[in-house]
Every structure is written in structure tokens, then in C-alpha cells.
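Trainee: I have a model open on my screen and would like to learn how to read it. Could you walk me through it, feature by feature?

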Amino acid sequence: MKIAIYPGSFDPITSGHLNIIRRAANIFDKLIVCVMVNCAKSPLFTRDERVELIRRVIGDLPNVEVDSSDELLAEYAKRKGSCVIVKGLRAGSDFENEFQMALINHKINPSLDTMFLTAEHQYMYLSSSTVKELGNYNVDLSDFLPEQIIPDFKQRITSK
Ligand code: ADP
């Protein structure tokens, strides 16, 4: 069984993330979406909330599992029996950083490869941080966030 890991902060999950999840779930037998805890960032949603928001929007995808971890990604993948990391690539600006991370992960765990899926053109400039910026204004978010999470997002951003 081919198991892939899709790691990220998902603070919160956007329509761009969801698009990558759907496409990767079509390619692999099982996809584990893993909320990686990054001490450098102070998130809008807690780790458990982010997991719950992702679970809410992937309900129709039976081969997708949601998890969270503060382990090193290369070790997490080994523990889960996965040899593929899936990443989304937006504009060229993602490339340098992602290329470096892919090389490092492969060095730490040589059986681990990273596969990149290019972002759909309508999500090319979409990131969780852009959505958080827009959330401070009265903007329709339905092109950016899955419908099921918009009320939670608006409530959190206004109470922050
Ligand atoms: P963000 O940059 O939005 O905070 P994450 O740290 O959660 O996102 O990123 C997790 C993964 O999802 C990364 O591989 C990132 O390149 C990818 N990704 C993020 N936004 C998009 C998008 N709009 N389209 C495709 N891939 C994306």
C-alpha cells in the first residue's frame, strides 16, 4: 500500500490545500494530512482545532487520514511506513525553500522522496497568511476557504 504524507501548518486549511489533498488522494492508496507543530509560528488555531477543521472538510475522502505531530518529518514518515511526502508548489517563491527541505529530508531518511503537485492557477497566490490578512476586512472568503470552516474562521479572527 502506497502511503503519502501531506505536511503543513494548515492554520487554517484553505481551498488550495484541499485541492492538493483531493488530487493526492487520487494518486496514493492512503494520504495522511499531518498538522506539523512549528514553534516559530504563533497560530490562530490550536493544533487540535486545525485537525478538527481539516477532518470537517475531507469527509467525502475515505482514504484520507488527519493527524498532528511535533516530530521531525523524516522520522514521522518512517514511523507511518510512508516513503513519499506530497507538497504543493505555488509561485516560484515556494521552490527554493521546498527544494532545500526535500533534500534535507532525503538525506535524513534516504528512502523518503518528495513529490510536488503544482497549484491550480486559481490558488497560485493563496496562502493561510493571506486569508488571515483578508479576514480583518469585510471580504467574501468563499473562493479561499472551504465553506464549512468560514464561520469558525470569521469568529476567531474577530475575537483575536
Ligand atoms: P501556508 O503557506 O498556506 O501557510 P502550509 O504551511 O500549511 O501553508 O503549507 C502546506 C503545504 O501546502 C505546502 O506544501 C504549501 O506549498 C502547500 N500549499 C499552501 N497553499 C497552497 C495553495 N494555494 N495551492 C497549492 N499548495 C499550497
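Mentor: Happily! Let's begin with a pair of strands: β1 and β2 are joined by 6 bridges and run in the parallel sense. One example is tyrosine 6, whose bridge partner in β2 is valine 33. Do keep in mind that this is a predicted model.

Trainee: Which strand does β1 pair with through 2 bridges?

Mentor: That is β4, and these two strands also run parallel. Here alanine 4 has valine 84 of β4 as its bridge partner.

Trainee: What is the order of the strands in the whole sheet?

Mentor: The sheet is open, has 5 strands with parallel pairing, and reads β3-β2-β1-β4-β5. β3 and β5 are the edge strands with a single partner each, so one side of each has no neighbour in the sheet. On average, neighbouring strands are turned by 30° against each other, direction ignored.

Trainee: Which helices should I look at next to the sheet?

Mentor: Try two of them. α2 packs on the sheet, where it touches β2 and β3, and its direction makes about 170° with that of β3. α4 lies across β4 and β5 and runs at about 175° to β4.

Trainee: How do I read the sides of a helix, and which residues of α4 are buried?

Mentor: Look for where the buried residues sit around the axis. In α4, which spans residues 93-108, they are Asp94, Glu98, Ala102 and Asn105. These residues cover an arc of only 70° around the axis, which puts them on the same side of α4. The face turned away from that buried side carries the exposed residues Glu96, Leu103 and Lys107. As for what covers the buried residues, the list includes α3, β4 and β5.

Trainee: Now the interior. What is the general idea behind a nonpolar core?

Mentor: In soluble globular proteins, nonpolar side chains tend to be buried together. In this model, the largest nonpolar core has 35 residues, and Ile21, Leu31, Ile58 and Val86 are those with the most contacts inside it. At least two residues each come from β1, α1, β2, α2, β3, β4 and α6. The largest share, 5 residues, is supplied by α1. Another core, of 11 residues, lies apart from it, with Ile3, Cys34, Met36 and Leu73 among its members.

Trainee: Which residues does isoleucine 58 contact, leaving aside its neighbours within four places in sequence?

Mentor: Isoleucine 58 is in contact with Leu18, Ile21, Val64 and Val66.

Trainee: And strand β2: how many of its 7 residues are buried?

Mentor: 6 of them, so β2 is mostly covered.

Trainee: As a biochemist I always check the cysteines. How many disulfides does the structure hold?

Mentor: It holds 0 disulfides. Cysteine 83 is in none, and the nearest cysteine sulfur, that of cysteine 34, is 16 Å away. Cysteine 34 counts as buried because its relative accessibility is 0%, whereas cysteine 83 is partly exposed at 28% relative accessible area.

Trainee: One last residue: where is serine 127 placed, and is serine 127 buried or exposed?

Mentor: You will find serine 127 in the loop between β5 and α5. Its relative accessible area is 16%, so serine 127 is buried, the cut-off being under 20%. Not counting residues up to four places away in sequence, serine 127 touches Thr14 and Arg90.

Key
Residues are numbered from 1 along each chain as its sequence is written. This is a predicted model: local features need pLDDT of at least 70, side-chain atom pairs count only at pLDDT 80 or more; totals for chains, interfaces and linings use all residues. Side-chain values use heavy atoms; hydrogens and water are left out. Buried means under 20% relative accessible area, exposed over 50%, partly exposed in between (1.4 Å probe, protein chains only). Helices (H or I, at least four residues) and strands (E, at least two) are DSSP runs, numbered from the N terminus. The arc is that of the directions from the helix axis to the C-beta atoms. Contact means heavy atoms within 4.5 Å. A nonpolar core is a set of buried Ala, Val, Leu, Ile, Met, Phe, Trp, Tyr and Cys residues joined through side-chain atoms within 4.5 Å. Two strands pair if DSSP finds at least two bridges between them. Axes are lines fitted to C-alpha atoms, for helices over the stretch in contact, and angles run from 0 to 180 degrees between N-to-C directions. A disulfide is a pair of cysteine sulfur atoms within 2.5 Å.
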